[in-house]
Amino acid sequence: MTQPHAPRSQLRTHSVFNQSEPLSGINLFSADRVLKDAVSRNGGDAHQGHLSAFGARVGSAEVQEWGRQANENPPKFKPFDRYGHRIDEVEFHPAYHQLMRAGLEAGVSAAAWNTDTAPHTLHSALLMLMGHADAGVCCPMSMTYACVPALRHASWAGDWIRGATASAYDPAMKPMAEKAGLTIGMAMTEKQGGSDVRANETRAVSIGGDEVELTGHKWFCSAPMSDGFLTLAYEGDGENAALSCFLVPRWRPDGTRNTIEIQRLKDKLGDRSNASSEIEYHGAYARRVGEPGRGVRTIIDMVNHTRLDCLAGSAGLIRTASFHAIWHADRRTAFQRRLIDQPLMREVLAELAMEAEAAMALAFRVAHAFDKMASDPNEAALARILTPIAKYWICKRAPYLVYEAMEAHGGAGFVEESPLPRMFRQSPLNAIWEGSGNVIALDTLRALSRDPESREALLAYLARGKGQNAALDALIGRIEASLAGGIGEADARRFSEEAALALSALALMDAGLDAASDAFLARRIASQSTTLGAGHGQIDTEKLIERGRLAV
């Protein structure tokens with residue numbers, strides 16, 4: 001029987017059948033056992049109601065449509081008004097503002113700072129859910145969340161922190177004191193330096209106390225319509241010059257526009273709903289955050305939290321891709337059988353579900369360490385070393401795994417009406433942002449060499465996994481030997497990958513996810529295969545796929 005208001009399926013030359021249906025109108029929290037269980041395991045049961053309400057919102061056809069519209073209508077740079085006045089504004093499609101309002105009012109940026117119960121577990125879950133609708137808006141939300149620990153270094157920043165944690169969206173171009181809620185961006189890298197921020201050339205000239213004027217450029221400034229930007233600049237002359245951290249507001253204290261000039265918007269591979277820009281400071285007003293000359297030390301608090309978001313966002317993307325692939329395979333037939341019933345496809349989908357489970361388990365283990373680091377020195381030490389290792393691996397896996405989900409859809413997954421191309425374009429971003437693979441792997445080595453507490457915490461954590469699986473024992477043994485013998489820069493990626501594999505297996509084992517942990521041990525560790533469906537060892541495809549399905 002034809003459903004009311006349904007599109008026509010009986011056409012002149014053929015009937016339309018054997019097609020999947022859109023994945024919308026589903027509560028993407030309540031229906032996702034992987035996400036629900038991860039939140040519960042890590043102390044977030046008190047947040048289940050809030051997350052369920054947000055899951056229903058982001059899974060609705062309306063919000064899913066906003067995500068499509070915001071990406072098909074990217075932001076536009078407006079350097080001048082109609083009369084020639086310099087305004088340096090960015091114009092967004094209305095759908096972008098709807099997405100921003102939905103996420104900020106749900107607490108994607110603020111919730112972690114407004115609860116004492118599993119705060120970063122809650123934040124990570126909210127971020128993942130927001131990513132189901134649109135990953136682009138997660139960038140300004142992530143930076144606004146992550147700015148809080150950095151701003152706490154400034155005694156004068158209380159109003160900025162209150163605005164960033166207000167769970168409100170106010171897109172109006174007006175001074176901070178007149179707004180219901182604030183967003184905070186960051187502008188760190190320069191053309192000549194990239195990740196090497198000590199190569200920056202932006203200069204700060206004191207105008208009294210902690211107030212300065214900045215002159216220089218920034219190669220990447222994401223979300224340039226934010227209310228303020230954390231940035232790095234040198235103070236002093238010659239040998240006395242030192243890199244400090246500053247907050248640059250959009251408005252000067254006298255109510256005039258600050259001299260932050262947008263040069264152009266970046267034409268990016270993905271993340272197209274969000275604006276990223278190149279900017280110049282022309283005597284821009286700013287205030288120092290933290291101690292003079294301690295800019296990197298101050299900003300690292302923000303960087304660590306954005307790295308948590310990178311790995312959590314990529315884990316959420318992998319999970320999204322996996323349930324889209326299973327959804328399609330359940331509803332499509334080829335060669336007289338459903339895709340889901342074909343043995344080779346089942347192997348691929350089971351391993352895709354396993355990878356999603358592993359990424360989610362490891363991401364929430366890191367979030368749990370963030371939750372406990374203020375009260376537990378061991379968890380604080382683990383957070384410092386787990387974060388770069390998990391970011392390295394999870395973000396590296398995302399492009400390949402999203403591609404495999406796209407391939408499971410066939411040609412229907414390659415066309416722009418499908419959400420898969422947008423996911424695929426998005427998938428490399430988190431591996432680049434806040435430290436590309438080499439930078440993160442080298443940061444892992446630096447943490448191990450300079451932070452003995454993190455080194456010992458990692459060794460103790462790995463030791464808990466011994467005696468349960470021969471292949472895992474061998475892998476842990478190689479990691480221990482590497483740490484004992486010293487790891488050269490050229491081996492940083494190898495070590496990071498081996499550590500991530502062991503930590504992923506342990507996260508699955510600790511979570512009691514037997515089917516996923518057994519499959520991960522067999523395929524990723526014993527077989528040492530990273531291609532879906534190509535490893536040795538039996539895996540329980542039925543349990544893995546059933547677990548990976550949305551419960552609808």
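## A guided tour, beginning at Ser276

Select Ser276 together with Ser222, and look for the polar contact of 3.3 Å that joins their side chains; a polar contact here is a pair of N or O atoms within 3.5 Å, where, within protein, one atom must be able to donate a hydrogen and the other to accept it, and where residues adjacent in sequence count only if both atoms are side-chain atoms. Before going further, note that this is a predicted model, in which local features need pLDDT of at least 70 and side-chain atom pairs count only at pLDDT 80 or more, while totals for chains, interfaces and linings use all residues. Residues are numbered from 1 along each chain as its sequence is written, and side-chain values use heavy atoms, with hydrogens and water left out.

**Around Ser276**

Ser276 lies in strand 9, which covers residues 276-289; helices (H or I, at least four residues) and strands (E, at least two) are DSSP runs, numbered from the N terminus. With a relative accessible area of 7%, Ser276 is buried, a word that means under 20% relative accessible area, with exposed meaning over 50% and partly exposed in between (1.4 Å probe, protein chains only). If you leave out residues up to four places away in sequence, Ser276 touches Cys221, Ser222, Ala223, Pro224, Arg264, Leu265, Lys266 and Lys268, where contact means heavy atoms within 4.5 Å.

**On to Glu211**

Next select Glu211, which has its place in strand 5 (residues 211-222). Is Glu211 buried, partly exposed or exposed? Its relative accessibility is 25%, so Glu211 counts as partly exposed. Add Tyr285 to the selection: Glu211 and Tyr285 are 74 residues apart in sequence, and their C-alpha atoms are 7.3 Å apart in space. A polar contact of 2.4 Å joins the side chains of Glu211 and Tyr285. Beyond four places in sequence, the residues that Glu211 touches are Val205, Ser206, Tyr285, Ala286 and Arg287.

**Helices 2 and 4**

Now colour helix 4 (residues 94-106), whose 13 residues should span 18 Å at 1.5 Å a residue, in agreement with the 18 Å between its end C-alpha atoms; the expected span is 1.5 Å times one less than the number of residues. Its buried residues are Ala95, Tyr96, Leu99, Met100, Ala102, Gly103, Leu104 and Ala106, and these pack against helix 2 (48-59), helix 3 (61-72), helix 5 (119-133) and helix 6 (138-151). Just after helix 4 comes Gly107, which has a positive phi, near 100°.

Moving to helix 2, you can select Gln48, Leu51, Ser52, Phe54, Gly55, Val58 and Gly59, which are buried. They pack against helix 1 (33-41), helix 3, helix 4 and helix 5.

**Into the cavities**

How many cavities of 30 Å³ or more does the structure hold? There are 4 of them. On a 1 Å grid over the protein atoms alone, a cavity is a set of points where a 1.4 Å probe fits but cannot get out, and lining residues have an atom within 4 Å of a point; grid points are joined across faces, edges and corners, and a volume is the space filled by probe spheres set on the points.

The largest cavity has a volume of about 50 Å³, and to see its lining you should select Ile318, Glu355, Ala358, Ala359, Trp393, Ile394, Arg397, Leu401, Ser504 and Phe520. Helix 9 (343-372) and helix 10 (377-409) are the elements that give two or more residues to this lining, and helix 10 provides the largest share, 4 residues.

The second largest cavity contains about 40 Å³ of space. Its lining is made of Leu104, Ser109, Ala110, Gly163, Ala164, Ala166, Ser167, Ala168, Gly181 and Leu182.

**Helices 8, 13 and 18**

Select Ser322 in helix 8 (residues 295-331); this serine counts as buried, at 1% relative accessibility, and it touches Leu352 and Ala356 when residues up to four places away in sequence are not counted.

From helix 8 you can continue to helix 13 (residues 437-450), which has 14 residues and reaches 20 Å from its first C-alpha to its last. Gly437, Ile440, Ala441, Asp443, Thr444, Leu445, Ala447 and Leu448 are the buried residues of helix 13, and what covers them includes helix 8, helix 10 and helix 12 (429-432), along with helix 14 (452-463), helix 15 (470-485) and helix 16 (492-510).

The last stop is Glu542, found in helix 18 (residues 541-548) and counted as partly exposed at 45% relative accessibility. Measuring from C-alpha to C-alpha in your viewer, look for Ala515 at 9.4 Å from Glu542, although the two are 27 residues apart in sequence.

Methods. 1 Å grid on protein atoms, 1.4 Å probe; cavity = no way out; pocket = protein on both sides within 12 Å on 5 of 7 lines; lining within 4 Å.
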